[in-house]
Each structure stands twice: as C-alpha cells, then as structure tokens.
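Thanks for coming, everyone. Please bring up the model on your screens, and let's walk through it together.

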Amino acid sequence: MTKRALITGAGTGIGRALCERLIAEGYEVVGVGRRLQPLDALMQDFGDSVMTVQADVGTVSGRRKISSALKRKKLNLLVHNAAVLDPAGSLSKMKRSAWQKHYQINLEGPLFLTQKLLPKLHSGSRILHISSGAAHQPVQGWATYCISKAALLMSYKCWKQELLEKGILIGSAKPGIVDTPMQEQIRNLDEKEFPMLEKFRSFKHQNELLNPKEVSRFLTWLLLESEPEQFSQEDHDVRNETLKPFWNNYQ
C-alpha cells in the first residue's frame, strides 16, 4: 500500500529537505507551493516519487485545487510548513490588507486545509504544524508573525482534542533558526523595524544557522518514529537535548 505525505511550502528550505527525506523513506510526496520553478526542480530530481501542486494554501481556490489533485488518494502524513514573515514592522503602522494576507497563509491555510483534507486522513495518520519560538515569545518587528504562530499553536491544541476520537494524531514542532529563504529575508529587513537585525545577520556570518537537512531528520523521526502520545504531547523543540539521541543518528 502506498505511503503518502503532503507537504506545504515544499519547494525550498525545510519543506524541500523534508520531501527528500520522506522520499528516501519510501513515501510518495505531494509537494505544494506557490512558485512553479522550485516545484519543477523537485519533480526533475525525484520523478515519479513526487507529485507537485502549485497552489496558495491561503486561498479557498488553492485549497480546493490541492484536494482535487489528490482525487481519491489517501494521506498518511500532512505537514503544514508554508508560512510568510511579511509584513514586518510595528502594529501601530500595520496595514489591514497586509495583515489579512499574512493570516490567510499562516493561520487560515493550515486550519482550513486540514478541514478540507480530513476525509483523506485515517486513524493513525499524522498532521504536523511547523511552529516557531515566536509563538511563545514576542520579537520586536515580527508582531504579525508572532501572533499568527501563537494562534497556530492554539489551533494545534484545539485540533488535538477534536481529532482524538478519530485516531488522527496532530503534532507541533519548532525547527529553530534555520538557513532558509526566510532568514535571508530577515537579514534584509530595515533595522528601524527590526532592532535585532545585526544579531540575525551574525547567525549567518558565524555559521550558527541550522541546516534544513538536519532539521528534516528531526521532523522525520517525529513523524515516523515517535510514539503516538509523544508526537502529540507538546510543541517539540529541535534544541531539546532529551530528544536529540532519538533523531541525531536517524538516517
């Protein structure tokens, strides 16, 4: 029986690395993204092991397109990785239109895509939210992102209660500060809007950013090897030293 995983934000960074890892584990991957070029590259590299869907998870039409592309295919894994940082800056100057677009992607996307795909999930399936330390701690200049990630964290907790009787597991994971296109965007922010700019630039210059491939090992262990109760227990942190022995040598 085909094992199948759907990953949003699959074209670059953590999403791309997780696609590679799960394909190596024998999964057929459905990679979702907004930009065609990274998705084409994914198909060129992995051929029949991957199916791509160019869609915006923040729109009703995008979620409908994702569901339609699956046809009657079932899912074992659903990973909500797609997210945006924009708009950066203070809440006092926030434009409502930019705020709404952000939340359509970062919060409505995962929530309503899960809702849309529930018929394709079965008892034992796992859903994973890619969380952030910003869900727990405010970062000046990232107010919109912090609030959306905090809301996503609460949605994971609410889904956990609701899906319990269906046997569908939902988890949440903080991948740390990872060398992704979002980090490049952060390094180009206006220091007036983001006072921690130089600190985040130093992460890159001093090679302190995590490699997406390393993070994908952590996420793959969580998705495939962690015990059901452990998977859903908390917002798992890649920096948690008690977990590291479980995934550090995971191949």
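One cut-off before we start. A residue counts as buried when its relative accessible area is under 20%. Over 50% it counts as exposed, and in between it is partly exposed. Keep in mind that this is a predicted model.

Let's put that cut-off to use. Take serine 67, in helix H3. Is serine 67 buried or exposed? Its relative accessible area is 14%, so serine 67 is buried. What does serine 67 touch, leaving out residues up to four places away in sequence? The answer is Lys116, Leu117 and Lys120.

Now the rest of that helix. H3 runs over residues 60-70. Serine 67 has company there: Gly62, Arg63, Ile66 and Leu70 are buried too. These buried residues lie on the same side of H3, because they cover an arc of only 135° around the axis. What covers them? Four strands are included: E1 at 4-8, E2 at 28-33, E3 at 50-54 and E4 at 75-80. Helix H4, at 96-117, is part of the cover as well.

Let's stay with H3 and H4. They pack at an angle of about 35°, and their axes are 10 Å apart. The crossing is right-handed. Who meets whom? From H3 come Arg63, Arg64, Ile66, Ser67 and Leu70. From H4 come Glu108, Gly109, Phe112, Leu113, Lys116 and Leu117.

Pick out lysine 116 on the H4 side. Lysine 116 sits in helix H4. Its relative accessible area is 37%, so lysine 116 counts as partly exposed. Set aside neighbours within four places in sequence, and lysine 116 is in contact with Arg63, Arg64 and Ser67. For a sense of distance, look at threonine 220. Threonine 220 is 104 residues from lysine 116 along the chain, and their C-alpha atoms are separated by 24 Å.

Next, what comes after H3? Lysine 71 does, and its phi is positive, near 55°. Lysine 71 is a residue other than glycine. You will find lysine 71 in the loop between H3 and E4. At 66% relative accessibility, lysine 71 is exposed.

There is a similar story after H7. Asparagine 207 follows that helix, and here too phi is positive, near 55°. Asparagine 207 is not a glycine either. Its place is the loop between H7 and H8. With a relative accessible area of 69%, asparagine 207 is exposed.

As for H7 itself, residues 197-205, the buried ones are Leu197, Phe200, Ser202 and Phe203. They pack against helix H6, residues 181-187.

One backbone detail on the way. Where is the cis peptide bond I want you to see? It joins aspartate 86 and proline 87, with omega about 0°. Proline 87 lies in the loop between E4 and H4.

Now the inside. The largest nonpolar core has 29 residues. Which members touch the most others? Those are Ile7, Leu22, Leu128, Leu219 and Leu223. Several elements each supply at least two residues: E1, H1 at 13-24, E4, E5 at 121-130, E6 at 169-174 and H8 at 212-224. H8 gives the largest share, six residues. Apart from this core lies another, of 25 residues. Val53, Ala82, Val84 and Leu153 are among its members.

Zoom in on isoleucine 7. Again leave aside neighbours within four places in sequence. Isoleucine 7 is in contact with Gly15, Leu18, Cys19 and Leu22, among others. Its contacts also include Val29, Val30, Gly31, Val32 and Val79.

Last stop: H1 and H8. Their axes come within 8 Å and cross at roughly 55°. That makes H1 oblique to H8. This crossing is right-handed. On the H1 side, the residues are Gly13, Ile14, Ala17, Leu18, Glu20, Arg21 and Leu22. On the H8 side, they include Pro212, Lys213, Val215, Ser216 and Arg217. Leu219, Thr220, Leu223 and Leu224 of H8 take part as well.

To recap, go back to where we began: serine 67 is buried, at 14%, while its contact partner lysine 116 is partly exposed, at 37%. That's the tour.

Note on methods: Residues numbered from 1 in each chain as written. Predicted model: local features only at pLDDT ≥ 70, side-chain atom pairs only at ≥ 80, totals over all residues. Heavy atoms only, no water. Buried < 20%, exposed > 50% of the residue type's maximum accessible area, 1.4 Å probe, protein only. Arc of directions from axis to C-beta. Contact = heavy atoms within 4.5 Å. Core = buried A, V, L, I, M, F, W, Y, C linked by side-chain atoms within 4.5 Å. Axes fitted to C-alpha atoms, helices over the stretch in contact; angles between N-to-C directions. Parallel < 35°, antiparallel > 145°, perpendicular 65-115°, else oblique. Left-handed = near helix turned anticlockwise from the far one by under 90°.
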